Amino acid sequence: MLRVLRMVLVFSLGVLVATLSFAAGAQEDDDGMEEEQIVLRYPHWFFGHGGNFEEWINGAVDAFEAEYPNIQVEREHVPYDQYWEQLDIAIASGNAPDVAAFGGNLAKYVAAGALTPLNDLIDMEDVERNFSALQTELIPAADSEEGRTFALAFDSGFYLPLYRPSLFEEEGIREFPTTPDAFVDMARELTAGDRYGYAFMNNPGNYNEQRIDLIIWTVGLGGHYVDRSTGEPALDSPEVIQAVTYLKELHDAGAVPRDTDKGTYRKMFATKNVAVIIDGMWMHGLAIGWDETAAGDFETADTPFPTRRVPGFAEVNAILADSEHKEEAALLIQYLANEEQQRRLVEITQLIPPRTSVFTDELKADLIERWPWYERFIAYADDAVPMDPNEMPGELKVEVHRIWGKYFDRVLFEDMDPAEAMRLAQEEATNLY
Amino acid sequence: MNQQILRRGLSRESLLPYAYILPALLVIAGLLFIPIVRAVLMSLTDVRLLSIGRARFVGLANYVEFFTSPSFTRVMVATLVYVIGGVSLTYVFGMFTALILNRDFLGRGLARTILIVPWAVPQVVLVIIWQWMLNPRYGVLNYFLNVAGLVEGDFSWFSSAPTAMTAILLATLWKQYPLGMLILLAGMQSIPRELYEVAEVDGASALQRFRYITLPGLRYITSVLLLLLTIWHFGNFTIIWLMTQGGPADATATLTIFSYLHAFKLSRIGYGAAIGVVILCIALFITVLYFRLFVRSLQQE
């Protein structure tokens, strides 16, 4: 009996010691000094996303934790459609994470004073020398007053026409159209039975996604929805009106699926229910994930627009102003943009690494050999213009997108004249200033 | 003398009832009055979600902006159509099903169970089901409408204001009619059966029995039900947001949707709060009107 009691006592003590050491979160370095265990909170829509994106970010964060054993990254998965709302509420309630991912809305957070300038925290010389213009020009523009750098890009991308060659063969279409009018005709021709020629976001009310297609067409036609010299909206510019008119024509021709969200029509592209979409380089990985037959039946094309301009974006990491571990957070965001992780990024996700120094001729040749369709993305990389220019005040950008989407809805669903609709949209958007 | 009265007034017994209701009062104050006062104060500022500490007093500017906004008419029309349409449909359909279930027939228990199921379905699940049923290409409802020749091709419910609102009302009706049905059925069962028997002996038709016995017998229940339904429809957010997000072009943006959109999607808490205060005022007006029209007359009777 006494022996059993002694065993129980020894076992309990063992468990207690182990638990206390674990809970203390402390570990000793080589000199026997205790090193503080730091936990960085990092929400990102890539965590839990599944597929390539998750593979890349988890691998990168695992490697970071292995290199800095005293820093633990608390990975917070928030789906993209809930991400901004949750982040805003977390910041407003004083519960902001240490590091967070941002997109075209960076300026809003800079203006609100929610972020930490990185100029003294990261190697700015490396940034200036080795990163693309999306980092060196777009990011400082988010700080309209002083031009400081508040974020470091971890990926970038842009949109090109993607199509399923087998469907073109079936319909006897030999060449991809080179003008917007020919593009509309092609979409009509490819629409038959259960298949649509083209797809764009026309889910009423979803102005955030709608704007992407509107910008693709506007930028391709040579314009933009922002007057970059003043930062004011240019919703009544001829290119915007033209873009709206072409999309309306495609919609009315029945060449695009209706009431269909982006996730669904991307899947329809993978299953050959949509022949053409204008989307990013990540679509290849996504399409194969949904339908393996897409692997040998996937091609990119030159834009059907009069210019080669494509809207590009950079997704960035930034350190929140309230973080108590800014230096460690800076280590993390630099790690995710280092040579090794950027190389992994392009190899796993096909996204363009903003660290252009990684994009060597050797790597490009290797990528093209693996994915011939990728060549065109490489060729267009220098033609990307910022999709959401930071010259427009950050806090107004979302509102301008909503106004644009609202009047686009009126064109699509209430047959409002595109020029009149865009005039009203411009008037309403200008009133915000 | 005065001191005696005061002492008696403050005696233990006389204070006891107040002590009993104090916890409830504190809860109501904490959960209702303080947020309302804060919302009113916020509505007078330009506060944004990310800069709550830097709010500036702007007076009635948010209210002026809302009442002069190009979306104002659309939002008010959408709210009225949704509330009036939703309440009427729920009441009429609830009455219809309650009348059926009030009769004796084989399998009445099973029918009651089945008819009440929609009420137990979470709103998010309900919206997904309806979105699939209404899908232009694969939706089962669209298939039947196509077969019946009522719609052509890939009919899109969410591409025009009237059909988008109809779709929302259908989903809302499916969710809410069991509530109407249950309350009205309970009311019907409290009406003495003798009244119907006497009426039958007197040769009253079914319609006359409904008109002169059932409807008057349900007056009190109806007034409570209508108030409950009106308040619920005013505040309903989930179904509309998940189905249309207020689109197309604000045609289904009710006041609640419009308030949420500005407060949380566009980060304009001050403006969103102003719309919230407008909702509160309208709801208060309806409640007061309701009490004047229904409750007082019922009490007098």
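Start with the second largest cavity, which holds about 30 Å³ of space in this predicted model. A cavity here is a set of points, on a 1 Å grid over the protein atoms alone, where a 1.4 Å probe fits but cannot get out. Grid points are joined across faces, edges and corners, and a volume is the space filled by probe spheres set on the points. Select A:A199, A:D213, A:K262, A:Y265, A:I277, A:I278 and A:D279 to bring up the lining; lining residues have an atom within 4 Å of a point. Helix 11 (262-270) and strand 11 (274-279) of chain A are the elements that give two or more residues to it. Strand 11 of chain A has the largest share, 3 residues. Helices (H or I, at least four residues) and strands (E, at least two) are DSSP runs, numbered from the N terminus. By class, this lining has 4 nonpolar, no polar and 3 charged residues. Ala, Val, Leu, Ile, Met, Phe, Trp, Tyr, Cys and Pro count as nonpolar, Asp, Glu, Lys and Arg as charged, and the others, Gly among them, as polar.

Some bookkeeping before you click on. Residues are numbered from 1 along each chain as its sequence is written, and chains are lettered from A and ligands numbered from 1 in the order in which they are written. The model is predicted, with local features needing pLDDT of at least 70, side-chain atom pairs counting only at pLDDT 80 or more, and totals for chains, interfaces and linings using all residues, while side-chain values use heavy atoms, with hydrogens and water left out.

Next, the sheet that strand 11 belongs to. Colour strands 8, 11, 7 and 12 of chain A: these 4 strands form an open sheet in the order 8-11-7-12, with mixed pairing. At the edges sit strand 8 (196-198) and strand 12 (299-300) of chain A, each pairing on one side only. Two strands pair if DSSP finds at least two bridges between them. Strand 7 (160-163) and strand 12 of chain A run antiparallel, with 2 bridges. To see one, pick A:Y163 and its bridge partner A:E299.

Now for the largest cavity, at about 90 Å³. The structure holds 2 cavities of 30 Å³ or more. This one is lined by 14 residues, and A:G205, A:Y207, A:R402, A:D409 and B:D250 lie nearest its centre. Show helix 9 (207-220) and helix 17 (394-414) of chain A, since each supplies at least two lining residues. Helix 17 of chain A gives the largest share, 4 residues. The class split is 3 nonpolar, 7 polar and 4 charged.

Keep helix 17 of chain A on screen and move to the second largest pocket, where it again supplies the largest share of the lining, 7 residues. A pocket is an open set of grid points with protein on both sides within 12 Å along at least five of seven lines. This pocket holds about 900 Å³ of space. Of its 39 lining residues, A:L396, A:E399, A:L432, B:R48 and B:R268 lie nearest the centre. Among the elements that supply at least two residues each are helix 4 (106-111) of chain A and helix 14 (269-300) of chain B. The lining divides into 16 nonpolar, 10 polar and 13 charged residues.

Over in chain B, zoom to B:T45, in the loop between helix 2 (12-42) and helix 3. B:T45 counts as buried because its relative accessibility is 14%; buried means under 20% relative accessible area, exposed over 50%, partly exposed in between (1.4 Å probe, protein chains only). A polar atom of the B:T45 side chain lies 3.3 Å from the backbone nitrogen of B:V47. Leaving aside neighbours within four places in sequence, B:T45 is in contact (heavy atoms within 4.5 Å) with B:A55, B:R56, B:F57, B:V58, B:N62 and B:G270.

Last stop: strand 13 (310-319) of chain A. Why is this strand largely enclosed by the rest of the structure? Because 10 of its 10 residues are buried. A:V310, A:G312, A:A314, A:V316 and A:A318 cover one side, and A:P311, A:F313, A:E315, A:N317 and A:I319 the other, all buried.

Strands of a sheet pair through backbone hydrogen bonds, either parallel or antiparallel. Try these pairs:

- Strand 5 (99-102) of chain A is antiparallel to strand 13 over 4 bridges; select A:F102 and its partner A:V316.
- Strand 6 (152-158) of chain A is antiparallel to strand 13, with 6 bridges; A:G157 stands opposite A:F313.
- Strand 14 (384-386) of chain A is parallel to strand 13 over 3 bridges; A:G312 stands opposite A:P386.

Key: A polar contact is a pair of N or O atoms within 3.5 Å; within protein, one must be able to donate a hydrogen and the other to accept it, and residues adjacent in sequence count only if both atoms are side-chain atoms.
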